[in-house]
Amino acid sequence: MSIRLRVALVFALALAIAFVLGGWLFISQLSAAMLRSTDSALAARLSQVGHDPEGETTPIAAVTPGGPAPGEYIVQVVDASGRVRRVNGHAGQASLLTAAELARARRGDITLTRAIGDQPTRLLAAPLREQDGWVAIAGVSLAASDGTLRQVTAGLLIGGAAFVIAGGIGAYWLARAALAPVERLRREAAALSEHDTGATLREPGTHDEIAALAGTMNDLLLRLRRALARQRAFVADASHELRTPFAVLHGELELAGRPGRSREELTAAVASAAEEASRLTRITDDLLLLARGDENKLSLQLERTDITSLLARSADRARARAEAAGVTCRVEAATGLTAAVDAGRIRQAVDNLLDNALRFAPRGTQVVIHAEIAGPSLVIEVSDAGPGFPAEFLPHAFERFRRPDQDRARSAGGAGLGLAIVQAIAAAHGGTAAAANRPEGGATIKLEIPVSPESPR
């Protein structure tokens, strides 16, 4: 069921309920007002009987039974013994009230409605002051009043039904007009394809909720296109990175299969193939880690870890490479600095940062690994004294397959996944990673990992 039809039906139902309640209240008030008017007229008749007890009467024997005619007033006077002593109109020979009702009427005025003959009749009874124990009774047929109420009710029903139907149709067309821009947006969105890289939805100039919806959908389209572009670039870059080691591996195996190769040549070919296989393994492992990070499925095993010892182990691992490059590694962290982290993942991130720093650190300089608890976070910072990051590279430092110098050799630059992995590990811990250039020269990369307030320092 469409929204337009649902709105129309709900509006018509609400309108019908409101009309029924209003009609019932109107009929109730009208009926009450007519009864009050009738009671006032009956009271006037009784007052005339009280002032003229010997007024116009009809002989009891001549009374025609069957109740009053529509609009006819009837009068009875009943004595203390319950005998009808005076009648007027078609009041009948028998008392209009029962003995119990006569007893109540002798004590004060009573009103009631009952059927006399085939006519609904309103009766008013009051004690007759001139005769002790006598009761005067006046009545009038309610047929005319009931007929009027039926006509009014029928008119309300017919008019109300027409009003509800007209209201429902009006609500349907109003909802259709209000939702027309939404339908236009839907058609435009359905017509878009993945190849429409620059197409957007038209935003109406009404500055209302529909315009806001169109703007939000355009923002969503922009984000989706950016995500799609990143995915395509990621696939292209991954294919490019994997193509080289596969080509080398294929070439080495092809050469190794040729006849006449010496043992030394075969050993060198196998060693080269094994090196390329290891490179492929590292790249696929890195890609798998990043994919898990994108899906928030990068598993962590948090445990209380000695951060100072962890950083010292990373420095020891890099010492041989640092000595070969003429660089030293220094750890700046307080003794006993601990935090609840995944030690293996943090170690992997620090190792990647050290590898990155050692590529660019000039001979005779230091790579500094600094760690501290700053406010609610564990801060780990790796700094070098190299040339720093190019200014245009900093906004893209943690993107995959990004290198400061895209033209340099892979043997010097890696696959461009190290910093992306660092950011994924920081994000899995609920933290952040940031890259910057130091004022005195060199680059620094900072990890901030949230720690609980009660964590010991």
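In strand β2, the residue that serves as bridge partner of Val75 is Asn88, and this pairing offers a convenient way into what is a predicted model. The two strands concerned, β1 and β2 (residues 84–88), run antiparallel and are joined by four bridges. Between them the hairpin has five residues, and Gly82 in this hairpin takes a positive phi near 95 degrees. Strand β1 also pairs with strand β5 (residues 135–141), again in the antiparallel sense, over six bridges; here Ile74 has Gly139 of β5 as its bridge partner. Strands of a sheet pair through backbone hydrogen bonds, either parallel or antiparallel. Because five of the six residues of β1 (residues 73–78) are buried, this strand is largely enclosed by the rest of the structure.

A second set of strands is found later in the chain. Five strands form an open sheet with mixed pairing, and their order is β7-β9-β10-β12-β11. The edges are occupied by β7 (328–332) and β11 (432–437), each of which has a single partner strand, so that one side of each is left without a neighbour in the sheet. From one strand to the next the twist averages 15 degrees. At the β11 edge, the pairing with strand β12 (residues 443–450) is antiparallel and extends over six bridges, and within it Ala436 stands opposite Thr444 of β12.

Helices accompany this sheet. Helix α6 (residues 307–324) lies across β7, β9 (366–374) and β10 (377–383), and α6 runs at about 175 degrees to β7. In helix α9 (residues 418–428), the buried residues include Leu419, Ile421, Val422 and Ile425, together with the alanines Ala420, Ala424 and Ala426. Just after α9, Gly430 takes a positive phi of about 80 degrees.

Helix α6 also leads to the charged contacts of the model, which holds twelve salt bridges. Side chains of opposite charge can pair when their charged atoms come close. One of these salt bridges is formed by the side chains of Arg321 and Asp355, at 3.3 Å from N to O. The pair links distant parts of the chain, since Arg321 belongs to helix α6 and Asp355 to helix α7 (residues 343–360), with their positions 34 residues apart in the numbering. Arg321 counts as partly exposed because its relative accessibility is 37%. Both residues take part in a network of salt bridges that links Arg317, Arg321, Arg347, Asp351 and Asp355.

Two other salt bridges may be set beside this one. The side chains of Glu101 and Arg114 meet at 2.6 Å, N to O, and this pair too links distant parts of the chain, with Glu101 in helix α2 (residues 99–107) and Arg114 in strand β3 (residues 110–116), 13 residues apart. Glu101 is buried because its relative accessible area of 13% is under 20%, whereas Arg114, with a relative accessible area of 24%, is partly exposed. The salt bridge between Glu183 and Arg187, whose closest N and O atoms are 3.7 Å apart, lies within one element: both residues are in helix α3 (residues 143–191), four residues apart, about one turn of the helix. Glu183 is partly exposed at 28% relative accessibility, and Arg187 is likewise partly exposed, at 46%.

Some nonpolar residues that are not buried complete the picture. Leu5, placed in helix α1 (residues 3–51), counts as partly exposed because its relative accessibility is 35%. Together with Met1 and Leu9, Leu5 makes a nonpolar surface patch of about 310 Å². Phe246, in helix α4 (residues 209–256), is also partly exposed, with a relative accessibility of 48%. The C-alpha atom of Phe246 is separated by 7.9 Å from that of Leu280, a residue 34 positions away along the chain.

Notes. Residues are numbered from 1 along each chain as its sequence is written. This is a predicted model: local features need pLDDT of at least 70, side-chain atom pairs count only at pLDDT 80 or more; totals for chains, interfaces and linings use all residues. Side-chain values use heavy atoms; hydrogens and water are left out. Patches are made of residues with over 30% relative accessible area and no salt bridge: like charges are joined within 9 Å, nonpolar side chains (Val, Leu, Ile, Met, Phe, Trp, Tyr) within 5 Å. Accessible areas come from the Shrake-Rupley method with a 1.4 Å probe; for residues, only the protein chains shown count as cover. A salt bridge is a side-chain nitrogen of Lys or Arg within 4 Å of a carboxyl oxygen of Asp or Glu. Buried means under 20% relative accessible area, exposed over 50%, partly exposed in between (1.4 Å probe, protein chains only). Two strands pair if DSSP finds at least two bridges between them. Axes are lines fitted to C-alpha atoms, for helices over the stretch in contact, and angles run from 0 to 180 degrees between N-to-C directions. Contact means heavy atoms within 4.5 Å.
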